[in-house]
Amino acid sequence: MARYVIASRRAGKFRETEKEAARSAVVSALGSLTSATLIQDNKPTDPLARRVVVIEVDSSEIASKKAEMPGDVIIEPEILHWPAILPPRDFMPMRPGGTMPAGTGTTFDVTVTGDNQPLANAQVNLFIRGWGSSRSLTGRTNSAGWCRFPMPPGHEVAAALVVPVGGFWTMIARGSAVGLPIECPPLPADGPIGWWHQVLGLNADDADRGAGIRVGVIDTGVGPHPSLTHANLAGAFIDGDHHPGAETRDVDSHGTHVAGTIGARPTNAGHYAGIAPNCDLFAARVFSGPDRGASNADIANAIDELSRVHAVDLVNMSLGAAIASEVVHDAIVDAFERGTLCICAAGNEAGPVSYPAAFPEAVAVSALGLAGWGPPGSLAATRLPLETDRFGRQNLYLANFSCFGPQIASAAPGVGVIAPVPNPFGQDALHGSMDGTSMACPVACGALAAILSADASYQDLPRDSGRAQAARSLLLARLRDIGLHANYQGRGVPFLPDAVV
């Protein structure tokens with residue numbers, strides 16, 4: 001048995017009768033599957049809303065009956081999308097988990113310090129090689145700043161990646177250096193403006209930037225964090241079900257960082273502001289935890305909620321999959337027809353643009369780094385490419401993890417971006433550094449929110465496809481060439497002189 005998603009089409013259906021007929025077709029399709037076990041059915045009370053059903057079913061029955069399904073129905077396997085969790089480049093691609101051989105009684109200790117003091121609660125990813133493969137083990141430092149790993153037979157330590165809860169750089173040690181204390185330098189705290197603002201032409205903070213623009217974020221959740229108390233909580237969308245309000249709380253840290261990059265309002269001196277701190281921010285959670293992907297069903301439901309219920313102008317999706325989801329595509333097109341433009345991370349596999357960024361109705365964003373940013377030994381300092389054609393002007397480069405291709409519309413800073421992160425261990429108002437197209441995407445999204453905020457004619461447009469197309473056109477008109485191939489940068493980087501916003 002395999003998990004499948006059945007959903008009614010909405011894109012291109014502008015009559016109520018068409019939407020109702022598509023809803024009815026889902027019921028008929030579900031009833032025709034004799035081996036199906038229901039996992040979740042969102043059963044929206046609004047008769048025009050998309051119906052999304054998650055089932056377990058025999059794949060052979062789907063194969064035999066799919067051709068008979070009405071055209072109003074989408075049926076496809078559950079497709080998991082992932083946020084940008086980036087190991088060192090030479091250990092990509094790698095996902096958490098996997099079966100490990102049993103331990104042999106030997107152990108390996110990793111010691112971590114921060115500002116020359118033991119650093120507690122830091123996540124340590126230990127990369128080991130053996131048995132013809134690379135694997136990762138995960139631990140967390142204790143109050144003395146160390147954690148112990150049981151070593152499986154036939155493996156040796158290759159590298160350790162230390163990810164502090166916040167306040168310090170993420171660092172990597174390789175080979176014999178893993179056996180020495182790993183020192184994490186403190187992050188800079190010279191905000192509210194960072195290099196990722198300056199590349200956009202912003203040299204001064206403006207608390208009004210982004211006013212009047214509604215921005216949705218579909219991610220791992222948001223907060224708690226004092227710089228994001230203004231975020232509207234649209235709820236969690238898990239296994240086809242909607243859990244409102246407080247369930248939007250971040251189950252990782254990725255979503256808080258993404259939302260903060262767009263719209264953080266700093267409460268402490270030296271903290272970094274969002275690109276568009278006065279936008280109206282809406283957050284939806286589609287991940288149940290850091291080690292499980294978000295399904296196509298949940299992403300589609302979240303897009304519908306943000307666009308139909310909250311009427312957002314932009315949706316930031318710092319997530320991706322190698323396989324295209326027709327359900328997600330239909331939701332993106334349907335949102336576009338309602339005036340909502342989706343801004344999507346290009347992906348971190350250094351290959352073709354991932355989905356949903358590769359859909360033509362989305363805006364695909366690649367990631368840039370700044371040469372010299374990040375101390376030696378930091379993960380941020382490892383992101384330089386080997387290819388000379390991936391270096392542009394102003395010491396900017398295409399990050400060595402960034403996906404690229406003809407779908408790229410824009411590039412934006414995505415290496416060593418510092419933004420809010422939650423702390424499950426009690427310390428308040430923490431900030432962390434992250435790398436990924438997941439970080440570039442909200443920089444571009446925040447920049448577009450600032451552009452739209454300054455354009456009164458855009459805000460007067462009706463909420464239809466013309467509004468979404470105008471948002472795309474306004475972004476393209478504000479992109480500045482930085483000397484990279486269009487497959488790497490699209491038309492360039494958003495440029496927002498202070499006088500404009």
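The questions below concern aromatic pairs, burial and strand pairing in this predicted model.

Q: Why is the pair of Trp-169 and Trp-373 called edge-to-face?
A: The ring centres are 5.7 Å apart, and centres within 6.5 Å count as a pair; the planes stand at 70°, and because an angle over 60 degrees counts as edge-to-face, the pair takes that name.

Q: What makes this a link between distant parts of the chain?
A: Trp-169 lies in the loop between β11 and β12, whereas Trp-373 lies in the loop between β22 and β23, 204 residues apart.

Q: Why does Trp-169 count as buried?
A: Its relative accessibility is 5%, and since buried means under 20%, Trp-169 meets the definition.

Q: How do you know that Phe-404 and Tyr-488 form an edge-to-face pair?
A: Their centres lie 5.2 Å apart with 85° between the planes, to be set against limits of 6.5 Å for pairing and 60 degrees for edge-to-face. Phe-404 is in the loop between β23 and β24 and Tyr-488 in helix α10, so the pair ties together parts 84 residues apart in sequence.

Q: Why is Arg-467 said to lie over the face of Tyr-458?
A: Arg-467 is 4.5 Å from the ring centre, where the distance limit is 6 Å and the charge must also be within 35 degrees of the ring normal; Arg-467 is accordingly placed over the face of Tyr-458.

Q: What makes β19 and β21 paired strands?
A: They share 4 bridges in the parallel sense, against a requirement of at least two; Met-317, for instance, has Cys-344 in β21 as its bridge partner.

Notes: Residues numbered from 1 in each chain as written. Predicted model: local features only at pLDDT ≥ 70, side-chain atom pairs only at ≥ 80, totals over all residues. Heavy atoms only, no water. Phe/Tyr/Trp six-rings, centres within 6.5 Å; stacked < 30°, edge-to-face > 60°. Helix = DSSP H or I, 4+ residues; strand = E, 2+ residues; numbered from the N terminus. Buried < 20%, exposed > 50% of the residue type's maximum accessible area, 1.4 Å probe, protein only.
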